[in-house]
Amino acid sequence: MIGKRKRDTSVVSRSIKTKDQEDTPTAVDSSYQDVFRKFFEAEFEPLEVPGGKIARAEESEEDDEDGLEDSEIGSDWDGISAEEDEVNTVEVVDHADSSANAELPLDKKARKAFMTAKLPSFSWDQTTAKRSPTKDEDGDEDKVSDANNLKNDLALQRLLQESHLLESGSDLAPTGKNRLKALDLRMQSLGAKTSLYHQQNMPSSQRRGIKAKAEKKEDKRRVEARENGIILEKQAPKTKSTQGRRERGVGGPSIGKFTGGTLNLSKQDLWKAGL
Amino acid sequence: MATSQPPLRFTGHHNFVYRLVFATLAGRTVHISQIRSSNPTNPGLAPHEISFLRLLDAVTNGSQMEISYTGTIVVFKPGLITGCAAGVGGNSSGVINHELPANCTRGVSYFLLPLCLLAPFSKAPLRVQFTGPGVITSATPTGDMSVDSVRTAILPLYNQFGIFNNIELRILRRSNPGPRGGGGAGEVQLVFGHQIRLAKTLHLMNPGRVKRIRGVAYAVGVSGSNNARMIEAARGVLNPLVPDTYVFSDVSSAPLVPAPEKNNPAAKKKVGLGFGLSLVAESSTGCLYSADVISPVSGGQAPEDIGKQCAYQLLEVVAKGGCVAPAAAPTMLGLMTMGSEDVGRIQVGRDVIADESMIQLARDLTKFGAPGWGLRDAAGENENGDVVISVVGRGIGNVGRKVA
């Protein structure tokens with residue numbers, strides 16, 4: 001019987017019936033139960049005889065037998081004999097467990113959402129797959145057209161700003177060196193202080209040359225415009241770089257120049273000092 | 001906080017923590033006497049109650065308490081709830097480390113629930129780490145819920161009061177009750193970073209229908225197959241009723257505590273072995289119901305039984321009706337009382353309100369100066385024999401916030 005008990009754990013839906021069958025007392029059992037019952041009733045109150053239960057169990061066994069015979073009509077097997085039935089009762093093992101059927105692969109996201117230290121988000125499935133398609137269906141055309149409009153708008157803006165870089169009318173996006181220049185322009189429009197390609201260190205004569213050239217160009221443009229009667233933008237006021245006294249380092253002499261281990265005072269210095 | 005009012009007098013050890021919590025929130029001195037005075041062997045405060053007083057002392061500033069020689073009388077004069085402001089309370093990282101003694105038989109949720117009730121009204125965010133040989137993260141035979149249930153069934157309720165930011169309950173190490181129901185050396189960290197002036201007024205009248213069930217099966221120091229067996233049994237009961245049922249499994253090793261012997265002073269032993277299941281049902285209107293069952297300390301119960309028992313317990317809690325599970329009722333009603341001066345309403349099951357501890361809670365709250373609850377039968381479509389409790393907020397709220 002012990003082995004049987006163990007197997008009962010895997011029996012799910014019909015386990016009650018098998019238990020009933022096990023409980024069905026044999027003739028020997030009932031005799032000593034009667035003795036106990038009589039003794040108990042002598043001491044206390046009369047008991048209700050659990051006769052109905054036994055009868056039901058027997059009935060069900062018979063039903064089982066009938067069912068089996070019906071299903072086996074046509075075969076040469078002629079049913080289960082009564083003696084066999086008593087020895088090994090039919091044990092119905094139902095492997096179609098409801099929970100086993102419904103066993104789904106546990107969603108990792110769901111686990112993550114639930115098993116964190118934070119408060120569990122019971123509404124995670126709204127953020128994942130389930131929600132997204134419904135959202136698309138709802139928003140549908142409006143959202144798509146909005147996104148398209150934005151994209152086209154940006155492309156137009158860029159074309160207007162960077163068209164001077166384009167070499168031919170065929171390709172609307174700058175390529176190669178021009179692409180880098182366009183990127184630089186975008187950076188500047190986004191707030192970069194200077195161009196990425198502004199050369200910081202170069203010979204002073206060269207820099208001055210470049211500056212002079214730019215000034216000359218600008219002047220020429222202005223002159224031509226004036227001659228042709230074109231009104232240009234106002235010239236930005238030139239910030240005069242003060243060529244005066246440069247800020248000196250700390251700890252230098254307050255008067256004169258210290259060179260070669262000697263303090264040299266000019267006439268002006270002497271006049272300043274009142275000598 | 002200096003109060004010239006005479007102390008409120010209570011007797012008995014029932015509802016001890018909530019009395020102290022409401023004393024702190026209301027700023028009234030309490031005098032609790034006859035604490036287990038008739039108990040010849042263990043009179044006075046129990047270890048967990050002493051521990052709670054210590055915790056209260058740690059999170060407040062200026063609390064004073066006097067405990068009589070036998071521990072049967074406590075006078076508690078509350079201070080301001082400061083939490084863990086920089087340099088005040090806690091260690092260098094601003095975390096209060098609260099150590100529970102090994103003879104503490106209550107789960108850590110015994111401390112967490114009242115602490116969470118205090119935390120929204122503290123001056124600074126609250127960070128408390130529970131350590132020591134007495135931390136039981138699972139449910140306990142003494143009736144405490146597991147930490148998982150606190151996190152999944154109690155803390156989300158604060159959302160309804162406008163408290164939702166930066167709340168974390170981290171289970172660093174799990175533990176079941178140790179031998180003879182004593183401590184289990186787990187580790188839990190609570191971060192409660194959302195402080196408010198006043199709790200929002202709550203109107204919760206529609207319980208809705210249970211739409212999903214989630215749960216955590218935990219096995220500490222025992223085989224993880226116990227989890228699978230519990231989950232299968234629980235799902236066998238619940239799946240036909242609610243198809244959206246997931247129970248997650250968490251297997252961890254048992255915590256080690258030092259157990260020095262004569263010839264091996266560095267010896268350690270494993271405590272807090274066992275397994276358990278925590279289930280949470282969420283209704284369509286956001287009401288949460290939870291159930292907790294663990295393996296008995298003495299062992300000898302099959303995981304299938306635990307799983308089935310827990311599922312049935314969950315069904316029972318849901319069957320009690322209303323918008324609040326019995327375990328969450330003190331929290332909800334406490335927060336409603338601490339709300340703005342407006343009438344909040346909440347629908348509860350008849351069995352939930354007709355509970356001894358709930359009646360005691362109502363009496364205690366009136367003693368602390370809260371207006372009495374208004375009870376009437378629920379009407380309309382969500383009736384089911386429920387009762388609607390009307391609670392008037394006190395409008396005091398967070399004293400620390402008012403000053404700051």
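**Exercise 1. The E12–E13 pair and its crossover**

Task: In which sense do E12(B) and E13(B) pair, and over how many bridges? Then trace the chain between these strands and give the hand of the crossover.

Solution.
- Step 1. In this predicted model, E12(B) and strand E13 (residues 245–252) of chain B pair in the parallel sense, over 8 bridges.
- Step 2. Take one bridge as a check. B:Ala219 has B:Val251 in E13(B) as its bridge partner.
- Step 3. Follow the chain. From E12(B) the path goes through H5(B) to E13(B). This β-α-β crossover is right-handed.

**Exercise 2. The connecting helix**

Task: Compare the span of H5(B) with the expected value. Then decide how far H5(B) is enclosed.

Solution.
- Step 1. Helix H5 of chain B covers residues 225–238, which is 14 residues.
- Step 2. From its first C-alpha to its last, H5(B) reaches 20 Å. This is close to the 20 Å expected at 1.5 Å a residue.
- Step 3. Turn to burial, where the cut-off is 20 or more other C-beta atoms within 10 Å. In H5(B), 10 of the 14 residues are buried, so the helix is largely enclosed by the rest of the structure.
- Step 4. Locate them. Buried residues of H5(B) include B:Asn226, B:Met230, B:Ala233, B:Ala234 and B:Leu238. B:Arg229, B:Glu232 and B:Arg235 are also among the buried residues.

**Exercise 3. Helix H6**

Task: What span should H6(B) have, and what covers its buried residues?

Solution.
- Step 1. Helix H6 of chain B runs over residues 303–319 and has 17 residues. At 1.5 Å a residue it should span 24 Å; its end C-alpha atoms are 24 Å apart, so the two values agree.
- Step 2. List burial. Among the buried residues of H6(B) are B:Ile306, B:Cys310, B:Leu314 and B:Val318. B:Pro303 and B:Lys308 are buried too.
- Step 3. Read the spacing. An α-helix has 3.6 residues a turn, so residues three or four places apart point the same way.
- Step 4. Identify the cover. It includes E12 (210–220), H5, strand E16 (274–283) and strand E17 (288–294) of chain B.
- Step 5. Look just past the helix. There B:Gly321 takes a positive phi of about 80°.

**Exercise 4. Two open sheets in chain B**

Task: Give the strand order of the sheet that holds E1(B), and name its edge strands. Do the same for the sheet that holds E11(B).

Solution.
- Step 1. One open sheet has 4 strands in the order E1-E2-E5-E4 (chain B), with mixed pairing. Its edge strands are E1 (8–11) and E4 (64–67) of chain B, each pairing on one side only. Neighbouring strands of this sheet are turned by 15° against each other on average, direction ignored.
- Step 2. Zoom in on E1(B). This strand runs parallel to E2 (residues 30–33) of chain B, and 4 bridges join them. B:Thr11 has B:Ser33 as its bridge partner in E2(B).
- Step 3. Add the helix. H1 (residues 16–26) of chain B lies across E1, E2 and E5 (74–77) of chain B. H1(B) runs at about 165° to E2(B).
- Step 4. Another open sheet has 4 strands in the order E11-E18-E20-E19 (chain B), again with mixed pairing. E11 (203–204) and E19 (374–377) of chain B stand at the edges; each has a single partner strand, so one side of each is left without a neighbour in the sheet.
- Step 5. E11(B) pairs with E18 (residues 343–348) of chain B in the parallel sense, over 2 bridges. Here B:Leu204 stands opposite B:Ile346.
- Step 6. Helix H7 (residues 329–337) of chain B packs on this sheet, touching E18 and E20 (387–392) of chain B. The direction of H7(B) makes about 165° with that of E18(B).

**Exercise 5. The two chains and their contact**

Task: What percentage of residues is buried in chain B and in chain A? Which elements of chain B touch chain A?

Solution.
- Step 1. Chain B has 10 helices and 20 strands. Of its 404 residues, 51% count as buried.
- Step 2. Chain A has 12 helices and 2 strands. Of its 275 residues, 1% count as buried.
- Step 3. Now the contact. 18 residues of chain B touch 13 residues of chain A. H4 (147–154), E9 (167–173), E12, H5 and E13 of chain B each give two or more residues to this side. E9(B) gives the most, with 4 residues.
- Step 4. Note confidence. The mean pLDDT of chain B is 90. The predictor gives the complex an ipTM of 0.77 and a pTM of 0.64.

Key
Residues are numbered from 1 along each chain as its sequence is written. Chains are lettered from A and ligands numbered from 1 in the order in which they are written. This is a predicted model: local features need pLDDT of at least 70, side-chain atom pairs count only at pLDDT 80 or more; totals for chains, interfaces and linings use all residues. A residue is buried if 20 or more other C-beta atoms lie within 10 Å of its own, exposed if 12 or fewer, and partly exposed in between; C-beta atoms are placed from the backbone. Two strands pair if DSSP finds at least two bridges between them. Axes are lines fitted to C-alpha atoms, for helices over the stretch in contact, and angles run from 0 to 180 degrees between N-to-C directions. Two residues are in contact if their C-beta atoms, placed from the backbone, lie within 7 Å. The expected span of a helix is 1.5 Å times one less than its number of residues. pLDDT is the predictor's confidence in each residue, from 0 to 100. A crossover is right-handed if, with the strands pointing away from the viewer, the path from the first strand over the helix to the second runs clockwise.
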